[in-house]
Amino acid sequence: MEYLIIIVISLLIAFAIIKSKKKDFKMEANRLVSYLGGKENIIEYEASKSRFIVTLKDIDKVNKEAIQKMGAQGILEIENQLKIIIGEEAKQLKKYIDELK
């Protein structure tokens, strides 16, 4: 019986941690969209393994320094397109922005 209680408590703690991480990701994703000039500035976007590629209406609205501070490993700018190396979260970020639009 004691083991069952310990397992249930452990599962509740694990669930709380997972739920809090999702909230943190959504907050980070919202911040990134803001740093990209807002969702209205985003024309199109795609994700590869570790890159988030976004085409923007106005590249001057982007806060590249803030994106770097968020943990981007690199940003490549080509005309009105940014290739942001963000790691494994790239596909998750695309999915989240799909929900925003």
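Let me begin with the pocket, and with the make-up of its wall: the residues lining the largest pocket divide into eight nonpolar, two polar and two charged. Please keep in mind throughout that this is a predicted model.

The residues concerned are F25, E28, A29, L32, I67, M70, G71, A72, Q73, I86, E89 and L93, and the volume they line is about 250 Å³. If we ask which element gives the largest share of that lining, it is helix α1, residues 2-35, which contributes four residues.

Stepping back to the chain, we have three helices and four strands, and, read along the sequence, they follow the pattern α-β-β-α-β-β-α. Among the contacts between residues at least 6 apart in sequence, 57% join residues at least 24 apart. Of the 101 residues in the chain, 29% are buried, while the accessible surface comes to about 7,200 Å², with 56% of that area belonging to carbon and sulfur atoms.

Now to the interior. The largest nonpolar core has 21 residues, and those with the most contacts inside it are L36, F52, V54, L56, L82, I84 and L93. Two or more residues of this core are given by each of α1, β1 (42-47), β2 (51-56), β4 (81-85) and α3 (90-100). You may recall L93 from the lining of the largest pocket, and here L93 appears again among the core residues with the most contacts.

Let me take L82 from that list and ask what it touches, leaving aside its neighbours within four places in sequence. The contacts of L82 are L36, F52, I53, V54, L56, I59, V62, I75, L76 and E77, and of these, L36, F52, V54 and L56 are also named among the core residues with the most contacts.

Two further residues are worth a look. T55 sits in strand β2, and since its relative accessible area is 12%, under the 20% cut-off, T55 counts as buried. With the same neighbours within four places set aside, T55 is in contact with N41, I42, I43, E44, N80 and Q81.

I78, for its part, lies in strand β3, residues 74-78. Is I78 buried or exposed? Neither label applies, because its relative accessible area is 41%, which falls between the 20% and 50% limits, so I78 is described as partly exposed. As a last distance, I78 and I59 are 19 residues apart in sequence and 9.8 Å apart in space, taken C-alpha to C-alpha.

Note on methods
Residues numbered from 1 in each chain as written. Predicted model: local features only at pLDDT ≥ 70, side-chain atom pairs only at ≥ 80, totals over all residues. Heavy atoms only, no water. 1 Å grid on protein atoms, 1.4 Å probe; cavity = no way out; pocket = protein on both sides within 12 Å on 5 of 7 lines; lining within 4 Å. Points joined across faces, edges and corners; volume = space filled by probe spheres on them. Nonpolar A, V, L, I, M, F, W, Y, C, P; charged D, E, K, R; others polar. Buried < 20%, exposed > 50% of the residue type's maximum accessible area, 1.4 Å probe, protein only. Contact = heavy atoms within 4.5 Å. Areas by Shrake-Rupley, 256 points an atom, 1.4 Å probe, with all protein chains shown as cover. Core = buried A, V, L, I, M, F, W, Y, C linked by side-chain atoms within 4.5 Å.
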